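Hi,

Here is the structure I promised to pass on. Have a look at it first, and then read my notes underneath.

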Amino acid sequence: MIAADLFDLAPVIPVVVLDDADAAVPLARALVDGGLPVIEVTLRTEAALAAITRIAAEVPDAVVGAGTVVRPQDAERSAAAGARFLVSPGCTPRLQAAMAAQGLPFLPGVATASEAIALLEDGITAMKFFPAEAAGGIPYLKALHGPLPQLRFCPTGGVGPGNAADYLALKNVGCVGGSWLTPPDAVRGGDWDRIRKLAAEAAALRSG
Ligand code: 3PG
């Protein structure tokens, strides 16, 4: 699998923050059942790596990856835990090298044309656009498409049910990411039905 393949698996990548690794498997099953098999578990909690390991072992239909990869060791630990892809909110040469060294598809984060061009110099054409809304949103991505038509983005940060379809309609958007699929109260309360429904609504968003 290469990074661009992630775009074909689902229109939306749920960005998940998990405080309790015990919630990981039922949460992942709800997302997969709803039609969203690609799941980004952010390395923002102690439970994240254990959650990745459990999803990788127990939910075979999920493609679980690590998000919020910001240090080289985050890339190594995520790969060791069983992550099948890596996502970073921004990128530096060291972080890029560490992610590439894992042999996993990765979506490095960019917010400017120069950052995107730096990755393109290394042959990277699939990337995360973060923070999408704050960095210019849909008009910015449209403007990038002119000079950089070979790039495909996963916009994340401020993307939700109200604007996801508009992002997905852009030529240079491969999929979108966001935390709206997993409201903290639903995760804490084990409301997997609600999460499955949110996932199903998002899975139906794929643009034509
Ligand atoms: C991310 O890490 O991609 C973002 O924190 C998700 O942003 P959102 O909460 O606005 O969806």
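Below are my notes on the ligand site and the salt bridges.

One thing before you start: this is a predicted model.

**The ligand site**

I began with the ligand. The residues around it are Val15, Arg44, Lys128, Phe130, Thr156, Gly157, Gly158, Gly178 and Ser179. Sorted by class, that shell comes out as five polar, two nonpolar and two charged residues. The charged ones are Arg44 and Lys128, and both have a polar side-chain atom close to a ligand oxygen: for arginine 44 the distance is 2.4 Å, and for lysine 128 it is 2.7 Å. Glycine 158 joins in through its backbone, with a polar atom 2.7 Å from an oxygen of the ligand. As for how much of the ligand is covered, it exposes 310 Å² when taken alone, and the protein buries 78% of that.

**The salt bridges**

The structure holds four salt bridges, and I'll go through some of them here.

Let me start with arginine 54 and aspartate 22, whose closest N and O atoms are 2.9 Å apart. This pair links distant parts of the chain, with the two positions 32 residues apart in numbering. Arginine 54 belongs to helix α3 (residues 48-58), while aspartate 22 sits in the loop between β1 (12-16) and α2 (24-34). Is arginine 54 buried or exposed? Neither, quite: its relative accessibility is 30%, so it counts as partly exposed.

Next, look at aspartate 193 and arginine 196, where the closest N and O atoms are 2.7 Å apart. Both are in helix α10 (residues 192-203), and because they are three residues apart there, about one helical turn separates them. Aspartate 193 has a relative accessible area of 44%, so it is partly exposed. Arginine 196 is also partly exposed, at 31%.

Then there is arginine 194, which pairs with aspartate 185 at 3.3 Å between the closest N and O atoms. Arginine 194 has a relative accessible area of 34%, which makes it partly exposed. Aspartate 185 is partly exposed too, with 46%.

If you only have a few minutes, I'd open the ligand site and check the contacts from arginine 44, lysine 128 and glycine 158, then go to the link between arginine 54 and aspartate 22.

Cheers

How values were computed: Residues numbered from 1 in each chain as written. Predicted model: local features only at pLDDT ≥ 70, side-chain atom pairs only at ≥ 80, totals over all residues. Heavy atoms only, no water. Salt bridge = Lys/Arg side-chain N within 4 Å of Asp/Glu carboxyl O. Helix = DSSP H or I, 4+ residues; strand = E, 2+ residues; numbered from the N terminus. Buried < 20%, exposed > 50% of the residue type's maximum accessible area, 1.4 Å probe, protein only. Near = heavy atom within 4 Å. Polar contact = N/O pair within 3.5 Å; in protein donor to acceptor, adjacent residues only side chain to side chain. Areas by Shrake-Rupley, 256 points an atom, 1.4 Å probe, with all protein chains shown as cover.
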